[in-house]
Structures are given as C-alpha cells and as structure tokens.
Amino acid sequence: MHTEKMWLDGNAAGGILRDVFAHEMTAALASCVGCGTVGPVGALLEYGQPMGIVLRCPRCDTPVLRIVRTPGFLRLDLSGLTLLTIPD
Amino acid sequence: MAEAPRLPPGQYETKDFPVLSAGPTPRTPLSKWDFTIHDANGRSARWSWDEFQTLPRDTPVVDIHCVTKWSKFGTKWEGVSVDSLLAAAVSQGIESGPFILAFCDGGYTTNLPLTDVTGGKAWVAFGYDGAPLPPEHGGPARLLVPHLYFWKSAKWVRGLRFQLADRPGFWEQLGYHDRGDPWREQRYQGDP
Amino acid sequence: MSSDIRAIPETAAPARLEWRVATVVDVRDETPRARTLVLNVPQWPGHRPGQHVDVRLVAEDGYQAQRSYSIASPPEEHTVALTVERLDDGEVSPYLVSELRRGDGLEIRGPIGGYFVWDVAVGGPLLLVAGGSGIVPLMAMLRRHARADASERSAVPVRLLYSARAPDDVIYRAELEQLADPPLVEVVFTFTRNAPPSWTGYRRRIDRAMLESVSWPPSAAPHAYVCGPTVLVESVATQLVELGHAASRVRTERFGPSG
C-alpha cells in the first residue's frame, strides 16, 4: 500500500494555492460553511490526493476547499467556505 | 487469436491495493447501516443490513483500474448485484431513470448512466478477498463497477438515487469524466 | 478571531512559485532511515523557519511524482537543507534517501508556508513538540534561534519535547545536545519503544502530564508548534488547549500516514 504522503493538512496544498491565488495561503483564514469555525487554511485536514486536494474543516469535516488540476484546467470549489481572509 | 490486452492505455499493474480517499473513514455500525434506492418521485426502497444479507450474492473476480494509473488484476469480491437490487426496487414501485447518483457516508457521490450499472456490470460489495470489506477499502459496503475507473466504485455507499439528468458527483464536479471508461481513457471532462 | 493568527510578514518572495533545478551539494546521513540533502538553489529568495518546498521527480516515461519536504536549514544559510525520512513503500523518499548523489539535480519549488512559521519577531516563549520526522521544521526554528543575536535570543526561551521510538531514531541528536543551553534552550526526549537502562528520562508517548511538566503555564502565553504524525499532533494540540493554552497559539503540521 502506498502510504507515502507526508503531509496531511492544508500546509501541503501551499504550493498549488500559491499558484492560484498569487498569495501565501496557508495562513489565510477560512470560515467553514458547515459549522462557522474560522481557522487557518494550514490547519484544514487534507484528503483526496492524488486525484485532487480536499481540505476539510477539522471540527465538522465539511470540505472547505476542493482543488483539482486536470490537463488544461485548475478547478476550485469554494462552496464550503463563506469567507476567505488572506493576509496581504 | 491474440488475447485481449488486460491493461488499459496509460495504466500500470500493481500488486498493492492503494487506499485513496476524499475524506475520513466513516465507521457506520451495521445496526445503523441501510441501503436505499430513491426515485425522482420521492419513493424509496430500503434494506437494513440483515435484509441485505438475505439477498442473492455473487462472487465476481475482476480487474480494477484507478484513474491515478494503477490497475490491479483478479480482485475477488462478494456482493449483491445492482441488477437484483434494481429489480427488487422496481417491484416495490420505484421508477427507474436514465442516470444514477450513488451517495455515501461522509458525503461522497458519483454519477453513472443506468446502463453502466445494469447487465451484470455492477455490485454492492461487502466482501473482499474472502473477508468482510475493511473500512479503509469502503466497508461495510461499496459500489463495485469494475469496467469504469475506480472512483466510480464509491466507498461507504448507502444508496442510489435515480436522476433524470446526469448531474455530476464529487469528483465529476471538479473535472473528472461523467462516465470514466478506462479503455477509452475517459479520465477528465471533455475526454471523448 | 484572535489577532494571533497573523501571517508573519513576507520577505521579498515572488507571488508565483517557479520550479527550479537545484543541485545537490552535500548529503548527510542522520539516522539509518533519514538523510539530509543540502541543495544549491539558483535565485533562492530566502525562507522562514517552518516553511517547506515541493519536490518533483520526473521519470523517463514522463511519470511525475511530487512531495513536500520541510526545510531544515535556517534562513542564514545560503544553501537549502531538506531532511527526508525513507518510507519503505514510498515512491519518492527511497530515491532521495538512497540514490540521489552529490552533483545530481532536483526540481524544487518554494518556499511555501505562512501558517506554520516562526521567526524571532514572533517572540516567545517557544514550545516545540516533535514526533519522529516532525522535528525537521522545528529544527529550522531552533537553528534560527541559535543564530539570532544575543539580545533577541535571550528574549526567547525555547523548550523542545521530542518523541522518538528509540535513541537511534533521533534525528540531529548530537546537534540538539549542543544546542541545549538550559535554562534558555531545553531539549527533552521521550522514547516510546526502547531506551537504554541508563536512560532516566521519559519512556512513554507524550501525554497531558508530560506536556504540563515540560511546557510553560498558559499565563506565559507560549507559542506552540507541534509537528509529526497525525495521531500525535491531534492529541498534543488537544491536550495543550485542555491545559489552558489558547488554540490560536498552537500551530500544527501533520505528517505521515494517519492512524
């Protein structure tokens, strides 16, 4: 079984998020639509690799951010967050 | 005549069984588990775990293909065919539709054409390799649709919903193909 | 939300990250399973302790594998050091630990990270809790602390609690023993599987009593960084909050297969 995936939280998505947002995103605050918790993207729990990145709320498991890169497109589903506060 | 190739284009064979997941492993106790088929009219047919276990079962041996490029040959499963579930549902007044959305504990969904889960092509599997299906591989039960990429074989499945339109599920919304035939390399939306 | 969750102000790193080909200038075995790779990265913009890089390997048939590794070196060094632990069934780590040689190239992208980052400006006291290879980003923080000027350094007391299976599994053991400088810098080990009979320290998994003994009280408002396997990180973070530490002061980075 391939267990080698070293990162299990939103710190891992740092590279791809930087590509999309042109900002360092792991310290950005995401407000979860499921439970209202506000926390850093770096503290979200990461799933979905290698098909994509699913960052879930550590309190309620709602997918807060979902990212999939396919040839020619990067798709981002932000329906799990109500607000993203990015240090600028 | 040459034997048909076993490996679809772009795949490699593995002897492992990699675990991929879009979320944490649910732990539904069998006493709370049920399987429901819903139609577009709001009717449903439901089986508890005990009722499910009384249904006729198959032991398919199949090759499986993951969109992340690994393929595993000769996997052994035990489960109830979707054909028999749908037949039972229809006899209870459920109206079928052209498309299905499989739904699961944890919120995962995947969409499929009805024709891809009928005619002996799909099961709801609760046994793997002679033992109960382990939670990390989708236990208590998962959908098994081996002729399509394995993200369609939804883990922790709790039912099927007939759809009149092919509304995309979890990965399909994010760019994966609505059908997912590995022999045509239908990995992503837009692949022919 | 508390104003403690603020990104440490960025230095002049470009917004878009480019893949660059770094050259391996040195390799150092740290333990039987862990090796440090020292890289010369062209046009490296500098980094902050706790940040990481993405590493990309491309096979001849075009197959790509990408992983993230924490930077072990402090910002003062011109080279970038990564410490990689070999996972037997891994796709990338066996290559990095056992095959990569001096002079080889390695594609990397970074630095990445703004949440799990510490620098002297953040202040202290600084509580670092490591499980296994979770020590790597915390080592960058410790090394930065060691190189800070005397007045900055003495303003930030540091305590590292490092959980490893056995003494042979401790990465950077000799250097940690050198960096220890009580009472300013305290290094506490706990061994969960094997320790020599002469070991008088902790011999168990990190628990609430151990954290309470090792850490400052909540009234000191330490900045805590916890890194390692998910099960350890979650239990330590929960216990720190139960002990009264503000959740916003406990930063986590989860490594390794989940439990």
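Q: A residue is buried if 20 or more other C-beta atoms, placed from the backbone, lie within 10 Å of its own, exposed if 12 or fewer, and partly exposed in between; what percentage of the 192 residues of chain B count as buried?
A: This is a predicted model, in which local features need pLDDT of at least 70 and side-chain atom pairs pLDDT 80 or more, while totals for chains, interfaces and linings use all residues. Residues are numbered from 1 along each chain as its sequence is written, with chains lettered from A and ligands numbered from 1 in written order. For chain B, with its 192 residues, the buried share is 39%.

Q: What is the buried percentage in chain A?
A: The C-alpha atoms of chain A occupy a box of roughly 35 × 30 × 20 Å along the principal axes. Among the 88 residues of this chain, the share that is buried comes to 53%.

Q: In what order do the secondary-structure elements of chain A follow one another?
A: Counting DSSP runs (helices H or I, at least four residues; strands E, at least two; numbered from the N terminus), chain A holds 1 helix and 7 strands. The helix precedes the strands along the sequence, giving α-β-β-β-β-β-β-β.

Q: Which pattern does chain B follow along its sequence?
A: Chain B contains 3 helices and 11 strands, and its C-alpha trace spans about 45 × 40 × 35 Å along the principal axes. The sequence opens with three strands and closes with a helix. Written out in full, the pattern is β-β-β-α-β-β-α-β-β-β-β-β-β-α.
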